[in-house]
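Welcome, and please take a moment to look over the fold before reading on. The notes below walk through a few of its features in turn.

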Amino acid sequence: MNTALTEGHSPSCRDLVGLLAQTDRRAAYAALALGATSVAEVAELTELRPPAAAAALQKLTDGRIAAYDSEKRTYTLLDDTFRLAVQAEVSVSGRGGGDGAGSYFRRGRLTSIPGRAEVRSRVLAVVKDSFEPGATYSEAKVNAICGEWFDDWVSLRRALVDEGLLRRNESGTAYRRV
């Protein structure tokens, strides 16, 4: 099994449930967990036809539950996917859940910036964790990080500054996490 997650944000718990809602994908996941590493092995263990096994593996790979090594031509599960999704869920909604912040994330990205102050604060705190404490960031780097979270990176950057989570220097060229 592989412990490194692929680039980008990890899938949310909702994304993972959606990916595994289909029988073929669950069967392919189980086959990988039992040690299968190829389309042929997954097809054999699951009794899926090879094209169906390949399609299920592709969906698991696209969803960052599994990884494909093109040199070895093998599939492996990404061990950290579920742990990171649960950590993100707890970070967004708290252990008691239900504060509404989790509904603003989809596929590891923001869908919008909440209007309600308390929910907005929790959502922005998740984004703030993308910035290292004490590090100085150029405006371009802040824009790039915010763009990974949200298409309207300008509004996200402004919200982080307005909420006091990032501090901009007087010339507006450098930022620091507060």
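Where is the place of Val178? Val178 belongs to the segment after β7, where helices (H or I, at least four residues) and strands (E, at least two) are DSSP runs numbered from the N terminus. This is a predicted model, in which local features need pLDDT of at least 70 and side-chain atom pairs count only at pLDDT 80 or more, while totals for chains, interfaces and linings use all residues. Residues are numbered from 1 along each chain as its sequence is written, and side-chain values use heavy atoms, with hydrogens and water left out.

Let us stay with Val178 for a moment. At 46% relative accessibility, Val178 counts as partly exposed; buried means under 20% relative accessible area, exposed over 50%, and partly exposed in between (1.4 Å probe, protein chains only). The C-alpha atoms of Val178 and Leu165 are separated by 5.2 Å, with their positions 13 residues apart along the chain. Leaving aside neighbours within four places in sequence, Val178 is in contact with Lys128, Gly164, Leu165, Leu166 and Arg167, contact meaning heavy atoms within 4.5 Å.

**The protein as a whole**

The protein has eight helices and seven strands. Of its 178 residues, 37% count as buried. Among the contacts with a separation of 6 or more, 56% come from residues 24 or more positions apart.

**An open sheet and the helix across it**

Strands of a sheet pair through backbone hydrogen bonds, either parallel or antiparallel. Here three strands form an open sheet in the order β5-β7-β6, with antiparallel pairing; two strands pair if DSSP finds at least two bridges between them. β5 (136–138) and β6 (166–168) stand at the edges with a single partner strand each, so one side of each is left without a neighbour in the sheet. From one strand to the next, the twist averages 35°. Three bridges connect β5 with β7 (residues 174–177) in the antiparallel sense, and Ser138 stands opposite Ala174 in β7. Helix α7 (residues 139–149) lies across β5, β6 and β7 and runs at about 90° to β5. Axes are lines fitted to C-alpha atoms, for helices over the stretch in contact, and angles run from 0 to 180 degrees between N-to-C directions.

**The β1–β2 hairpin**

β1 and β2 run antiparallel and are joined by four bridges, with Ala66 opposite Leu77 in β2. Side chains alternate along β2: Tyr75 and Leu77 point to one face and are buried, whereas Thr74 and Thr76 point to the other and are not. The hairpin has four residues between the strands, and Arg73 takes a positive phi near 60° there.

**Two positive phi values**

Most residues other than glycine have a negative phi, and most peptide bonds are trans. The table shows two residues that have a positive phi without being glycine.

| Residue | Phi | Loop | Relative accessibility |
|---|---|---|---|
| Glu47 | near 65° | between α3 (39–46) and α4 (50–62) | 74%, exposed |
| Arg73 | about 60° | between β1 (66–69) and β2 (74–77) | 61%, exposed |

**How α2 meets α3**

The axes of α2 and α3 come within 9 Å and cross at roughly 110°. That makes α2 roughly perpendicular to α3, a term for angles of 65 to 115 degrees. In this contact Ala27, Ala28, Ala31 and Leu32 of α2 meet Val42, Leu45 and Thr46 of α3. By class, the contact has six nonpolar, one polar and no charged residues. Ala, Val, Leu, Ile, Met, Phe, Trp, Tyr, Cys and Pro count as nonpolar, Asp, Glu, Lys and Arg as charged, and the others, Gly among them, as polar.

**Aromatic pairs**

Rings of Phe, Tyr and Trp (its six-membered ring) pair if their centres lie within 6.5 Å; planes under 30 degrees apart count as stacked, over 60 as edge-to-face and the rest as tilted. By this rule there are four aromatic pairs. One of them joins Tyr29 and Phe82, whose ring centres are 5.9 Å apart with planes at 75°, so the pair is edge-to-face. This pair links distant parts of the chain, since Tyr29 is in helix α2 (residues 23–33) and Phe82 in helix α5 (residues 80–93), 53 residues apart. Tyr29 is partly exposed at 24% relative accessible area, and Phe82 is partly exposed at 32%.

The rings of Phe131 and Tyr137 have centres 5.2 Å apart and planes at 90°, so this pair is edge-to-face. Phe131 counts as buried at 0% relative accessibility, and Tyr137 is buried with a relative accessible area of 10%.

Note on methods:
Parallel < 35°, antiparallel > 145°, perpendicular 65-115°, else oblique.
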